[in-house]
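Open the structure in your viewer and switch to a cartoon view. Keep the selection tool at hand.

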Amino acid sequence: MAGRIRREDVDAVRDRTRIEEIVGQHVTLRTAGVGSMKGLCPFHDERTPSFHVRPQVGRWHCFGCGEGGDVISFVQKVDGLGFTEAVEYLAGRVGIQLQYEDGGGPRTREEPGRRQRLLDANRQASAFYTEQLVSAGAATARTFLAERSFERADAETFGVGYAPQGWDNLHRHLRGRGFTDAELLAAGLVTQGQRGVYDRFRGRLVWPIRDVTGEVVGFGARRLFDEDQGPKYLNTPETTLYKKSQVLYGIDLAKREIAKQRRAVVVEGYTDVMAAHLSGVTTAVATCGTAFGSDHARIVRRLLGDTSAGGGVQLASGQSVGGEVIFTFDGDAAGQKAALRAFGEDQRFYAQTFVAVEPTGKDPCELRLAGGPEAVRALVDGRQPLFEFVIRSTITRYDLGTPEGRVGALREAAPVVAGIRDAALRPEYARLLAGWLGMDSDTVRRAVSSAKPPRLADDRIERPSRQDGRAQQGSGARQGDPADDARPAATPVPTLVRPNPRDPVAARERQALEVVLQVPHALDAAQFDALGPETFAVPAWRAVHDAVRAAGGLTAAAAQPESAWVELVGEQAPEPVRPLITELAVTPLPEDRPDALASYAQGVVRSLVDLGLTRRIADLRGRLQRTDPAADADGYARTFQALLELEHERRLLRESVA
């Protein structure tokens, strides 16, 4: 386990990363006023842009779905990464070498420069394979693709290439570009033999395997020629970049749609992923030479964002609260075994899990050939709950026409029902099981109650962490926990009642906080910092003002850039207030002339001060009316003098504006 990244390094990554460049890789941004940019939100479907980025303060916010945060939280949410992974990814982009507390080091256990060299080697290898696909020697590879109705453009979309026959074509190519044998061995591109190193992939169709950030970390290759004595599919060996239990083929293409649709479709092969995407099932991914496991579940879980305790419930509309994970399997014994493994992973999701099985045993690639894209979409849309499939698959192995067969089926199926995560669903499936077996419901319920649920492969059930959900929502926290995937669920965070946007007082207070967070250097620090806590009448805005005061007010803001100032205010705010701070820091200001922005900001604050003075004057006048000058002459005089001073202060303020 890596140590925690030093706070200073996290700050440096945040400060040196241009948020508009990172967001711009996923969203087409256009100017939306002074220092503001906007585009279509990558996290929900919309036709009118409501996703805003303010580079100067380093924040983003969507006024449609309410998501927001800094550049780190954006990478977390869009790429499905944990906090530490997101910081490491951004640090690599801006050239910062991270330091870890407690003597820890990067999970990769590789020097940042060496890791980049291995990524570069994989990137250039992928380009080499792609170029070779159009060579004369790749005719068999092109025929393989054509027979499965994949065109050249499809191969380019998925980066499909060809590893030419011969022992050292790639080796010589990459050595000519400055890579050493040690680097190529470490990347898994070549193999050490008795007579030297040689290409790992030879005479094979090759698919690049990318991580969620789009970096090529390995390859999968299919045998094409009869003389090839190797396995049908050959993958990159385990390296510091490639861990087969932690990669999903197609995740780089599917991640945004998984987050948008809140649906992930798990298929079994590279061509199945291609066929699914080309058929409109753009959330399809596949494991790479291994069964779907806990690390895969973690990747999908982050992209789904399935942190709702109400997840896993299917609605009458057919949609599911918390999203859907759909596994496609063959209908044979191997497919049923895979479904049983997937059932164990169901415990790691708050999403509803389904299985889609084609009755004749066709995989998505074969189904697309036989019935076209519509057949693939119909397969996925016709999914059935995974629980039902697993239970039915279990009992079909028994002769239910005999008492012994029914009892044997009950003994094997009862632990499956007992293992259903949602306690409310167990009685329903116990009732269904009784009907499928033709047995008394009470007998089945007793068997389920006394059965022990099947254990996961690693003997440990992980629940989705609510801290992951907060990080994805851009809470503004500075430091995450490297072990953020193993945290227990936390108490739900309360929310503030949002002010009525039509309330003129609430609108004026909001405008003042917008300029305080966005253009603090244009304001009179002494004037604003003199405002007391009673200045803001709206509870939500008073909470933000409290955070501004706790951060040192505008006096403290004068000594640091706007991005650091917003971060500091967010640190001082309680959890429910942080999203409001991000929203205020990103909201486009109505003044779109750069030379008039300072004047606008100053006018907004003066208006707020005027509002506060008017409120205090009204209070004093009321007190004066309630005071008997004969019975309390001194009190009346003090109140009257205070009233005169406030009215004089307000008059001077208004004259300065005029």
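The tour below goes from the whole chain to single sheets, helices and residues.

**Whole chain**

Start with everything selected. Remember that this is a predicted model. The protein chain has 28 helices and 18 strands. Buried residues make up 52% of its 658 residues. The chain exposes about 29600 Å², and carbon and sulfur atoms supply 49% of that area. Now turn to contacts between residues with a separation of 6 or more. Residues 24 or more positions apart account for 69% of them.

**Stop 1: the five-stranded sheet**

Select strands 12, 13, 16, 17 and 18. These five strands form an open sheet in the order 13-12-16-17-18, with mixed pairing. Which strands stand at the edges? They are strand 13 (284-286) and strand 18 (384-385). Each has a single partner strand, so one side of each is left without a neighbour in the sheet.

Move inward to strand 16, residues 324-329. On one side, strand 16 pairs with strand 12 (residues 263-267) in the parallel sense, over four bridges. Strand 16 also runs parallel to strand 17 (residues 352-357), and six bridges join these two.

Pick Val325 as a marker. Ala264 stands opposite Val325. In strand 17, the bridge partner of Val325 is Thr353.

Is strand 16 buried or exposed? Six of its six residues are buried, so strand 16 is largely enclosed by the rest of the structure. Show the side chains next. In a regular strand, side chains alternate between the two faces of the sheet. Here Glu324, Ile326 and Thr328 point one way from strand 16. Val325, Phe327 and Phe329 point the other way. All of these residues are buried.

Add helix 11, residues 270-278. Helix 11 lies across strand 12 and strand 13, and runs at about 175° to strand 13. Keep helix 11 on screen for the next stop.

**Stop 2: the four-stranded sheet**

Select strands 6, 9, 10 and 11. They form an open sheet in the order 6-9-10-11, and the pairing is antiparallel. The edge strands are strand 6 (161-163) and strand 11 (233-235), each pairing on one side only. Neighbouring strands of this sheet are turned by 35° against each other on average, direction ignored.

Zoom in on strand 10 (residues 216-223) and strand 11. Three bridges join this antiparallel pair. Arg222 stands opposite Tyr233 in strand 11.

Now bring in the helices. Helix 6 (residues 139-147) packs on the sheet and touches strand 6, strand 9 (204-210) and strand 10. The direction of helix 6 makes about 70° with that of strand 9. Helix 11 packs on this sheet too, touching strand 9, strand 10 and strand 11. The direction of helix 11 also makes about 70° with that of strand 9.

**Stop 3: a hairpin**

Select residues 190-193, strand 7, and residues 196-199, strand 8. The two strands run antiparallel and are joined by four bridges. They form a hairpin with two residues between them. Thr191 stands opposite Tyr198 in strand 8.

**Stop 4: helix 1**

Go to residues 7-16, helix 1. Which of its residues are buried? They are Asp9, Val10, Asp11, Val13 and Arg14. These buried residues pack against strand 5 (68-70), helix 3 (71-79), helix 4 (83-94) and helix 25 (562-572).

**Stop 5: two crossing helices**

Select helix 23 (residues 539-550) and helix 26 (residues 578-586). Their axes come within 10 Å and cross at roughly 85°. The two helices are therefore roughly perpendicular to each other. Helix 23 makes the contact with Ala540, Trp541, Val544 and Ala547. Helix 26 contributes Leu580, Ile581 and Leu584. By class, this contact has seven nonpolar, no polar and no charged residues.

**Last stop: Gln602**

Finish in helix 27 (residues 597-626), where Gln602 has its place. Gln602 is partly exposed, with a relative accessible area of 30%. Leave aside its neighbours within four places in sequence: Gln602 is then in contact with Ala522 and Leu523. Use the distance tool on Val515 as well. Gln602 and Val515 are 87 residues apart in sequence and 8.5 Å apart in space, C-alpha to C-alpha.

Definitions and conventions
Residues are numbered from 1 along each chain as its sequence is written. This is a predicted model: local features need pLDDT of at least 70, side-chain atom pairs count only at pLDDT 80 or more; totals for chains, interfaces and linings use all residues. Side-chain values use heavy atoms; hydrogens and water are left out. Axes are lines fitted to C-alpha atoms, for helices over the stretch in contact, and angles run from 0 to 180 degrees between N-to-C directions. Angles under 35 degrees count as roughly parallel, over 145 as roughly antiparallel, 65 to 115 as roughly perpendicular and the rest as oblique. Contact means heavy atoms within 4.5 Å. Ala, Val, Leu, Ile, Met, Phe, Trp, Tyr, Cys and Pro count as nonpolar, Asp, Glu, Lys and Arg as charged, and the others, Gly among them, as polar. Two strands pair if DSSP finds at least two bridges between them. Buried means under 20% relative accessible area, exposed over 50%, partly exposed in between (1.4 Å probe, protein chains only). Accessible areas come from the Shrake-Rupley method with a 1.4 Å probe; for residues, only the protein chains shown count as cover.
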